[in-house]
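Colleague: Hi! I have a new structure open and could use some company while I look around. Can we go through it together?
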Amino acid sequence: MEQKNPIAKPLMNSHYLREPGRKIAIYTTAALPWLTGTSVNPLLRAAYLAVDPSRQVTLVIPWLARSDQELLFPHNKTFDLPGEQEAFVREWIELRTGLPCRFRICFYAGVYAPEKGSILPLGDITTCISDTDADVAVLEEPEHLTWYHHGRRFTSKFRLVVGVVHTNYLDYARRESNGRAKAAALALVNVWVCRVHCHLVIKLSDAVQSLPRQRTLFVHGVSPSFLAVGRRIAQAVLARSAAAADGTRESEESSAKSEDNLSSSTTSLVPPPNPLLSPLIPSPPFSSIWEREVYFIGKVLWAKGYTELLDRFSEHRCRTGHNIPVDVYGSGPDLAAVQARASSLDLAMSFQGPCDHANPRIQSYRIFVNPSLSDVVATTSAEAIAMGKWLICVRHPSNAFFSQFPNCLLYDTSEQFSEALEKALKEDPEPLSDWHLYCLTWQAATERFLDVAEPHGDDEWLLGGGERDVAAAAAALDRDLIAEVGGGEEEEGRVDEHVLREVEEELEKEEEEEEEEEGEE
């Protein structure tokens, strides 16, 4: 029988996260110098939560053996000691944000699984935090962290456990051999582990499966360096517009009026000076606003949108006769296959290798195309929006947050993709307003996170109750996934009932054990 943390008392305060003195441990599945979303976003969350000096924030990241580092980390970067990697992480985040690193970093043992393209935890990672400091846990990718977890339940140790779902693992599973069956089984496992280990789950978008106690909100932002580029772009566009207006003015009166309009527009489009939005990464001045046209950036896996990328540009070429040049940045196990297919389609794609999205060479591109359907919310899309570029993306739950921005062009069909591409090639994107820029900041993202992660008085787990979301979540899966588990044709109402019963019985058994423990106490 599992021992509960005697220090972790039940929560009854609906403003708990904003109270001074909170101790927040952020667990994640990856770490720099691997530039992936689960390395960068939890690190930024830790930095901005720690802005409040009353909070004690700890970032818990994996430590890999040298052999795994050599497989995973770019530019042959490796570390002999955890302290060396910690110094690298701190230098990176301070450069990106200008914030002092007021949070702790600790490591758990991890192993890189190449067949999964992921780092898996080893041992009981709840032991990274002492019982006296076990207050709030944020599990970045809660399902990934707990698939193989065999230690204490996070909900037994911490007073509040919030999961943040980053990745659409079901989409990855569907792309494998016998993928529909694997995705259906994985969906049930995800429901189970999130039910056991999380008090509530935040989905960045509804592109992922239904999960117990779920709430949906985009709680990420972008680094200030990207917003600084967006401000410079806005200023350059406004200056160019003013210069064009100068050449067509017909009177001094119209000239004065135009200058007044420009002044008021600049006030609304460019945020006021803010040290968190200052250009912290040096970049050369623009000789022109946009020197390059179209690019894509992302790890080279077919599941990361490369299938759709090649298909859309091939269809555009067949439809219009225009073979649009595209620069592709990234590395990964499918690079050779992607290059070969692009060549067979005779597409004008140039593969540039891996590159940080904040690199100055990326800043002069005008159009970022991201047709991926596997993302929950693409960090690179948010960064491109922040830099003032056109974003061309499919109308999909993963892109719902971006629909509010004037420089986002959504499409439903291949024909609409071509229309959006032609528009972006002919026109400059509209500069972002100060409100739109603020929505992309990590300050705003942190406020959204604190709001959505607050426990509410009507949450059943607060009152000692439990909810059984297994059947509801499974029923919400695509019907073809459920049918595939049965090994035959789809049947009306068939929901893999024996698997559901086993899962529900296990959960009921666990709840009975919890009630017995509470009675003994």
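Colleague: Let's start with a helix. Which strands does α3 lie across?

Modeller: Helix α3, residues 82–97, lies across β2 (56–63) and β3 (104–113). Its direction makes about 110° with β3. Keep in mind that this is a predicted model.

Colleague: Okay, and which sheet do those strands sit in, I mean, what is the strand order?

Modeller: The order is β4-β3-β2-β1-β5-β6-β7-β8, eight strands in an open sheet with mixed pairing. At the edges stand β4 (118–121) and β8, each with a single partner strand, so one side of each has no neighbour in the sheet. On average, neighbouring strands here are turned by 30° against each other, direction ignored.

Colleague: What holds strands of a sheet together, in general?

Modeller: Backbone hydrogen bonds, and the pairing can be parallel or antiparallel.

Colleague: Nice. In what sense does β1 pair with β5, and over how many bridges?

Modeller: Strand β1 covers residues 23–27, and its pairing with β5 is parallel, over four bridges. One residue you can click on is I24, whose bridge partner in β5 is V136.

Colleague: And how many bridges link β1 and β2?

Modeller: Five, again in the parallel sense. There, A25 stands opposite T58 of β2.

Colleague: Is β2 enclosed or open to the outside?

Modeller: Largely enclosed by the rest of the structure, because six of its eight residues are buried.

Colleague: Let me change topic. Where is the loop with P33?

Modeller: P33 lies between β1 and α1. Take a look at the bond before it: L32 and P33 are joined by a cis peptide bond, with omega at about 15°.

Colleague: What do most peptide bonds and phi angles look like?

Modeller: Most peptide bonds are trans, and most residues other than glycine have a negative phi.

Colleague: Then which phi value does E141 have?

Modeller: Phi of E141 is near 70°, which is positive although the residue is not a glycine. You will find E141 in the loop between β5 and α4 (142–146).

Colleague: Is E141 buried or exposed?

Modeller: Buried, with a relative accessible area of 2%. R213 is another residue to visit: its phi is near 55°, also a positive value in a residue other than glycine. R213 sits in the loop between β7 and β8.

Colleague: And what is the relative accessible area of R213?

Modeller: It is 15% for R213. The cut-off for buried is under 20%, so R213 counts as buried.

Colleague: Which residues of helix α16 are buried?

Modeller: They are W442, Q443, A444, A445, T446, R448, F449, L450 and V452. That makes nine of the eleven residues in α16 (442–452), so the helix is largely enclosed by the rest of the structure.

Colleague: What covers those buried residues?

Modeller: The cover includes two helices, α1 (37–49) and α15 (434–439). Strands contribute too, among them β5 (136–140), β6 (160–165), β7 (200–203) and β8 (214–216).

Colleague: Back to sheets. What is the strand order in the sheet of six?

Modeller: That one is an open sheet with the order β11-β10-β9-β12-β13-β14, and the pairing is parallel. Its edges are β11 (349–353) and β14 (408–411); each has a single partner strand, so one side of each is left without a neighbour in the sheet. Neighbouring strands are turned by 25° against each other on average, direction ignored.

Colleague: Which helix packs on it?

Modeller: Helix α10, residues 306–320, packs on this sheet and touches β9, β10, β11, β12 (365–370) and β14. The direction of α10 makes about 175° with that of β10. As for the strands, β9 (292–297) and β10 (326–329) pair in the parallel sense over three bridges, and Y295 has D327 of β10 as its bridge partner.

Colleague: How many cavities of 30 Å³ or more are there?

Modeller: The count is seven. The second largest holds about 60 Å³ of space, and its lining residues include E143, V165, Y169, N190 and L211.

Colleague: Last one: how many helices and strands does the whole protein have?

Modeller: There are 19 helices and 14 strands. Of the 521 residues, 52% count as buried. The accessible surface comes to about 22,400 Å², with 50% of it belonging to carbon and sulfur atoms.

How values were computed
Residues are numbered from 1 along each chain as its sequence is written. This is a predicted model: local features need pLDDT of at least 70, side-chain atom pairs count only at pLDDT 80 or more; totals for chains, interfaces and linings use all residues. Side-chain values use heavy atoms; hydrogens and water are left out. Buried means under 20% relative accessible area, exposed over 50%, partly exposed in between (1.4 Å probe, protein chains only). Accessible areas come from the Shrake-Rupley method with a 1.4 Å probe; for residues, only the protein chains shown count as cover. Contact means heavy atoms within 4.5 Å. Two strands pair if DSSP finds at least two bridges between them. Axes are lines fitted to C-alpha atoms, for helices over the stretch in contact, and angles run from 0 to 180 degrees between N-to-C directions. On a 1 Å grid over the protein atoms alone, a cavity is a set of points where a 1.4 Å probe fits but cannot get out, and a pocket is an open set with protein on both sides within 12 Å along at least five of seven lines; lining residues have an atom within 4 Å of a point. Grid points are joined across faces, edges and corners, and a volume is the space filled by probe spheres set on the points.
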